[in-house]
Amino acid sequence: MTCVKTWPLLLLLFFSLFSVVKDCQIPVLNGKFILSEESIKMNNFPEDSEAFVECPKGQERKEGSNSIICKNGKWSAVELSCKKIDCGLPEVSPHMNYSIPNGTLFGAYIQPKCERRYDLEGSSHRQCLVSGWSGRSECILITCDEPASIEHGNFIKPRNIPEVYDVIEYSCDENYTLSGKGSITCWENWEYNSPPPKCKEIQCQVPEISFGNQTEGNPPYSYKSKATFECWPGYRMKGFATSVCEESGWSALPACVEVITQTTATTTTNKTTTATATTTATATVTATTTATVTATTHSNGRKKDQPNSDLLSESSFKRNDTSATELNVLTASPSGKEMRLLKSVLCLTCNICHHIILTVNDDNELFCLVQV
């Protein structure tokens, strides 16, 4: 009777021993999710207890429950679904745009770029973080410092503070000229593209002309200095006698050109004259009734058919002579104070050597004259 009464108690004890429920361990989420800070602080997870999970850094909840339940010592499956945070387009900044090669999701980089004439100040790249875009960027207008002043000159700038691509124009005071570039430009590196020019005093070289002399003006020849010239006897001036020292040098210098005027002399003869040189060269002058000979007149008005004894020696022969005469032709210096031998020539009838002219005087004599 006693055994029958104790049997149910033994069965109840047996089932109670084997039906003890186990607690859950802390959830292991394998990096896909993280345990909430509140759940981390829990010391144990008994049956039917609830824990909360969150999306990892850089991600946010897309859908599904963020809680898990402890059942029979095991956690229920995570139903939470996450997606990357999208930082979106950065805020608009004046004169700036962005290069966005890989989108705007968490971890992506974008590159700010400035419009022309502006320079980037701040971060050259920005990254999408949990808090949003990292760093700060700004586009600043490019300017240059005040242009350097120059001695004996000044400059003109388009605005008070020169900006990029502004051109600074330089000029010099009177009597000075620019050496170097006349302008400088504010460039994209915040500097001018070249150093400023210099102003140098205008000076001209000593002027020279052929067949003439300077009569007025002495060195040094500064800006607007004048030099006056005259030509040698037998030459006339072409151009203005006075030249002026300008920025580019002397204004047009005059030129001295040789003066030759022609008159006609007529003589009548019925003779034929033959001159024979010892070198076997033969020259003949023949006139039947009228012989026309060219005479040359110098700028001083004296005709060469009136020979100058200072210019020729043994300079004539009678028209009825039978042999030619060798002439020692002399030339005078511009001052007329000295003579020198130019060359010896053989005077032959009407053949004209270089600058040697056959002419006749009133005594019916032939002459070879050199043009001086």
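This is a short tour of a predicted model, moving from a set of paired strands to three disulfides and then to one serine.

Residues are numbered from 1 along each chain as its sequence is written. Because the model is predicted, local features need pLDDT of at least 70 and side-chain atom pairs count only at pLDDT 80 or more, while totals for chains, interfaces and linings use all residues, and side-chain values use heavy atoms, with hydrogens and water left out.

**The strands around E2**

Select residues 50-54, which make up strand E2; strands here are DSSP runs of at least two residues, and helices (H or I) are runs of at least four, numbered from the N terminus. Ala51 and Val53 point to one face of E2 and are buried, whereas Glu50, Phe52 and Glu54 point to the other face and are not; buried means under 20% relative accessible area, exposed over 50%, and partly exposed in between, with a 1.4 Å probe and protein chains only.

Next add strand E1 (residues 34-35), which runs antiparallel to E2 and is joined to it by two bridges, with Ile34 having Glu54 as its bridge partner. Then add strand E4 (residues 67-71), which pairs with E2 in the antiparallel sense over three bridges, Ser67 being the partner of Phe52; two strands pair if DSSP finds at least two bridges between them.

**Three of the disulfides**

The structure holds eight disulfides, each a pair of cysteine sulfur atoms within 2.5 Å.

Select Cys24 and Cys70, whose sulfur atoms are 1.8 Å apart. Cys24 lies in the loop between helix H1 (2-18) and E1 and Cys70 lies in E4, so the disulfide ties together parts that are 46 residues apart in sequence. Both cysteines, Cys24 and Cys70, are buried, and the torsion about their S-S bond is about 95°, so this disulfide is right-handed.

Move to Cys231 and Cys256, joined S to S at 2.0 Å. Cys231 sits in strand E21 (residues 226-231) and Cys256 in strand E25 (residues 255-258), so the pair ties together parts 25 residues apart in sequence. The link is left-handed, with -90° about the S-S bond, and Cys231 counts as buried at 18% relative accessibility, as does Cys256 at 8%.

For the last pair, select Cys114 and Cys139, with an S to S distance of 1.9 Å; their link is left-handed, at -95°. Cys114 is partly exposed at 22%, whereas Cys139 is buried at 9%.

**Ser243**

Finish at Ser243 in strand E23 (residues 242-246), which counts as buried because its relative accessibility is 0%. A polar atom of the Ser243 side chain lies 3.0 Å from the backbone oxygen of Ala252.

Technical notes: A polar contact is a pair of N or O atoms within 3.5 Å; within protein, one must be able to donate a hydrogen and the other to accept it, and residues adjacent in sequence count only if both atoms are side-chain atoms.
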